[in-house]
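I opened this entry to keep track of what I looked up, item by item. The sequence and the structure go in below.

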Amino acid sequence: MKINEVEAQVGITKKNIRFYEEQGLIAPRRNSENGYREYGPREVDQLRQVKLLRKLGVPLEEIRKMQSGTHTVGDGMRRHLVTLERDKKNLEQSIQLCRTLSDRDERLDDLDAAALLEQMDRLEREGTTFLNKQVEDTKRLRYVAPAVVTVLTVALMTGLMALMIWGFTIDAEEAPPLPLVVVLVAIPGVIILGVLLALIQRVQEIEKGEVDDAKKY
């Protein structure tokens, strides 16, 4: 099967399939004639297993150990249950603190945030981990750089194309042959297209999050 067929059959994006291949979780064969990857029933089964375990939040390294036989499924799940129990305890601490705040009728301006942060710091020193949405706040900044680069590049290339067209039309007698004009004008156009495609790909990577999620492990 080709990767498009696997994507449709398993319900995993092509980018994730390639990512899992880079991580060594699948190893499709390559066609000796054209070099294309060829996926068989084994790879499909492995991807379904990875999909199942990732939906349960199992780390990639733990999946790798299960695949190699270092850990059984039971071993991996017992280890993962420890993590889930710890997360559950952390969530219960957050729920408790939120319930305490829900009983207060004061305005935000009157809230003693310093005292509450001190209480949270104490709980964190005791092992609690709170949900930190500041990480998601900074994630939005990842869109800024590629967007700015794209706008500047497109503006520069568009200006260059307009300048060349203007220069060739204002003095038609000294203009280069038409095929060369087309090539010279097409080069910035190709650059614009490439930059836009790169921006789309980057946005998809940011939205997908699988690679960033894997960095935790």
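**Core**

I began with the largest nonpolar core, which has 18 residues, and found that Ile17, Tyr20 and Leu47 have the most contacts inside it. I then asked which elements give two or more residues to this core, and these are helix H1 (3-10), helix H2 (14-22), helix H3 (41-55) and helix H4 (60-68). H3 gives the most, with four residues. I note here that the model is a predicted one.

I looked at Leu47 next. Leaving aside neighbours within four places in sequence, I list Val6, Val10, Ile12, Ile17, Tyr20 and Ile26 as its contacts. As background, I add that nonpolar side chains tend to be buried together in soluble globular proteins.

**Overall layout**

How many helices and strands does the protein have? I count ten helices and two strands. Read from the N terminus, the order of elements is α-α-β-β-α-α-α-α-α-α-α-α. The protein has 217 residues, and buried residues make up 24% of them. I also checked contacts between residues at least 6 apart in sequence: 56% of these join residues at least 24 apart.

**H1 against H3**

At what angle do the axes of H1 and H3 cross? I have roughly 45°, and the axes come within 11 Å. H1 and H3 are therefore oblique to each other, since an angle that is neither under 35 nor over 145 degrees, nor from 65 to 115, counts as oblique. The contact is made by Val6, Gln9 and Val10 on the H1 side, and by Val44, Leu47, Arg48 and Lys51 on the H3 side. Val6 and Val10 also appear in my list of contacts for Leu47. I recorded the crossing of H1 past H3 as right-handed.

**The loop before H3**

I found Gly40 in the loop between strand E2 (37-38) and H3. Is Gly40 buried or exposed? Its relative accessibility is 9%, so Gly40 counts as buried, the cut-off being under 20%. I took the C-alpha distance from Gly40 to Arg29 as well: 8.7 Å in space, for eleven residues in sequence.

**The loop between H3 and H4**

Pro59 has its place in the loop between H3 and H4. With a relative accessible area of 21%, Pro59 is partly exposed, because buried would need a value under 20%. Pro59 lies 21 residues from His80 in sequence, and their C-alpha atoms are 8.3 Å apart. His80 belongs to the buried residues of H5.

**H5 and what covers it**

I checked the length of helix H5 (residues 73-102), which has 30 residues. From first C-alpha to last it reaches 41 Å, close to the 44 Å expected at 1.5 Å a residue. Which residues are buried in H5? I have Gly76, His80, Asn90, Ser94 and Leu97. I note that residues three or four places apart point the same way in an α-helix, so I kept the turn of 3.6 residues in mind when reading such lists. What covers the buried residues of H5 includes H4 and helix H6 (113-125), and I took these two in turn.

H4 and H5 pack with their axes 9 Å apart, at an angle of about 160°. That makes H4 roughly antiparallel to H5. I put down Glu62, Lys65 and Met66 of H4 as making the contact with Val73, Gly76, Met77 and Arg79 of H5. Gly76 is one of the buried residues of H5. I recorded the crossing of H4 and H5 as right-handed.

For H5 and H6, the axes come within 12 Å and cross at roughly 160°. H5 is therefore roughly antiparallel to H6. This crossing of H5 and H6 is right-handed. On the H5 side I found Gln93, Leu97 and Leu101, which meet Leu116, Gln119, Met120 and Leu123 in H6. Leu97 is among the buried residues of H5.

**H8**

My last check was on helix H8 (residues 144-170). Its 27 residues should span 39 Å at 1.5 Å a residue, and the end C-alpha atoms are 39 Å apart, which agrees. For the buried residues of H8 I wrote down Pro146, Thr150, Met157, Met164 and Phe168.

Notes. Residues numbered from 1 in each chain as written. Predicted model: local features only at pLDDT ≥ 70, side-chain atom pairs only at ≥ 80, totals over all residues. Heavy atoms only, no water. Core = buried A, V, L, I, M, F, W, Y, C linked by side-chain atoms within 4.5 Å. Buried < 20%, exposed > 50% of the residue type's maximum accessible area, 1.4 Å probe, protein only. Contact = heavy atoms within 4.5 Å. Expected span 1.5 Å × (residues − 1). Axes fitted to C-alpha atoms, helices over the stretch in contact; angles between N-to-C directions. Left-handed = near helix turned anticlockwise from the far one by under 90°.
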